[in-house]
Amino acid sequence: MNVKGMTETAKALVANNKGLLAMDESFGTCNKRFARLGIPETADFRCAYREMIVTTEGLNKSISGAILFDETIRQHLKDGTSFIKTLTGKGIIPGIKVDGGTIELAGHPGEKVTQGLDNLRDRLIEYAKMGLKFAKWRAVITIGEGIPTIACIEANAHALARYAALCQEAGLVPIVEPEVLMDGDHSLARCFEVTEQVLHIVFAQLYSQGVVLEAMILKPNMIVPGLDCKIQETVEEVADATVKCLLRTVPAAVPGIAFLSGGQSSELATARLNAMNLRFKSKLPWEVSFSFGRALQEPALDIWHGEESNVPKAQKALFHRATLNAAARRGEYTAEKE
Ligand code: 13P
C-alpha cells in the first residue's frame, strides 16, 4: 500500500488554506438542479456546465481538489481535453464520487443505507489508472422521531469503512462522508448528539477495517439546528458546537476535515467555516476546510442558466465564492467581502 503517497495527497488536499469543490452530482441530483432553471437535462448540458466550472481562471488559487462524477471523467472539453487532464494541468487534484447512492434500509422505515461496494475494487483500479487521486462516499443519517437507529448508523459506518479500506488498497485517498441531514425541526443539541454518536462509530469501524487515518479526509456536517427549528443559533454558537463535537470524536492523526454545505446558504456556510478558523485554528490538530457543492456552485449555476453567453459572469461568481471560502479558512472572511 502506498501510504506515503496517499498521506501526501491527503495533506495536499487541505494545504495552503484551499478547499475542495464538490462537482460530483449524480444524474438525478444534477438534473433536479437543472430542471429548477429550465436547463435541458442532457449529457451535453451537464458537460458544458462542468466545463464552465473547470475552466474558471484562477480557481486553483483557492481550490485544491475537485470531486467529479463518473460521467464527467469520460467526457471532454470542447478542445478535446479530458476533465482529469484539465484539472491536473491547473494543479487541482482530481477525485471521484464512487458510492452508488442511497436506498431504503431494510426493516427501518425512513432510514437509508448507501450502496456501491459490489465491484468497487475493480472500479477503483480503473479510476487510479485514469489519474484520479482520491474518492468520495456519502452516507446519509436522518434525524426524526425515533431515528437514527443504531442499525442505520452501524450499517452506514461499516460501509464507509469498507469503502475507505478499498480506496487505500487502490492508492486513492478516501473522503469519508457521514452526513447527518439538516432536514427537520430538531435542535442543535440533537444534531450534536447524533453527530457525536455517528462519528464515534465511524472511527471505530475505520479502525476495525485497518484504514490509515493519516491518509484520509473526513467530510462531516457542521453542528446546526434543523432547517425548521425555531431556534437558529448564531454563527459563533454553531462554530463552537461543531469544534467541540469534532474534538471529541476525530483523532488527531486525520490531516483534515472538509465540511459539506448540506443545504446551508452559501453565505452562512462560509461565515460558519470562518468562525471556526477565526476562533480555533491555531489550537486544532487538523485543518478545518470545505468540500462544498451547493455553497460553491449555486450562484454560478443560477447565472449560467445553460447559456454559453453567461459563462464569464458565472465563472466570476464561482471564483468569488471559492475566494471567500479560502478567506474563511484563514479566518479572514467578512460579510463586507460578499
Ligand atoms: P453540498 O455541499 O451541496 O452538501 O454537497 C457536498 C457533497 O459533496 C455531498 O456529497
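Let's start in a loop: N16 lies between α1 (3-13) and β1 (19-22). This residue has a positive phi of about 55 degrees although it is not a glycine. That is worth a glance, because most residues other than glycine have a negative phi. The model is a predicted one, and the points below go from its barrel to its ligand and then to a second backbone feature.

**The barrel**
- Eight strands form a closed barrel, in the order β1-β2-β3-β6-β7-β8-β9-β10, and their pairing is parallel.
- Within this barrel, β3 (residues 93-97) and β6 run parallel and are joined by three bridges.
- If you would like a residue pair to look at, take G95, whose bridge partner in β6 is F134.

**Where the ligand sits**
- The ligand is found in the largest pocket.
- Around the ligand there are 13 residues, and the closest are K136, K219, S261, G262 and R294.
- Two strands, β6 (134-141) and β10 (287-292), each supply at least two residues of this shell.
- Both of those strands also belong to the closed barrel.
- Sorted by class, the shell holds six charged, four polar and three nonpolar residues.

**Polar contacts with the ligand**
- K219 places a polar side-chain atom 2.6 Å from an oxygen atom of the ligand.
- G262 takes part through its backbone, where an N or O atom lies 2.7 Å from a ligand oxygen atom.
- E177 has an N or O atom in its side chain that is 2.9 Å from an oxygen atom of the ligand.
- On its own the ligand has 300 Å² of accessible area, and the protein covers 92% of that.

**A cis peptide bond**
- Following β6, P148 has its place in the loop that leads to α7 (150-169).
- The peptide bond from I147 to P148 is cis, with omega near 10 degrees.
- It is one to note when you check the backbone, because most peptide bonds are trans.

How values were computed:
Residues are numbered from 1 along each chain as its sequence is written. This is a predicted model: local features need pLDDT of at least 70, side-chain atom pairs count only at pLDDT 80 or more; totals for chains, interfaces and linings use all residues. Side-chain values use heavy atoms; hydrogens and water are left out. A residue is near a molecule or strand if one of its heavy atoms lies within 4 Å of it. A polar contact is a pair of N or O atoms within 3.5 Å; within protein, one must be able to donate a hydrogen and the other to accept it, and residues adjacent in sequence count only if both atoms are side-chain atoms. Accessible areas come from the Shrake-Rupley method with a 1.4 Å probe; for residues, only the protein chains shown count as cover. On a 1 Å grid over the protein atoms alone, a cavity is a set of points where a 1.4 Å probe fits but cannot get out, and a pocket is an open set with protein on both sides within 12 Å along at least five of seven lines; lining residues have an atom within 4 Å of a point. A molecule sits in a cavity or pocket if more than half of its atoms lie within 2 Å of its grid points. Helices (H or I, at least four residues) and strands (E, at least two) are DSSP runs, numbered from the N terminus. Ala, Val, Leu, Ile, Met, Phe, Trp, Tyr, Cys and Pro count as nonpolar, Asp, Glu, Lys and Arg as charged, and the others, Gly among them, as polar. Two strands pair if DSSP finds at least two bridges between them.
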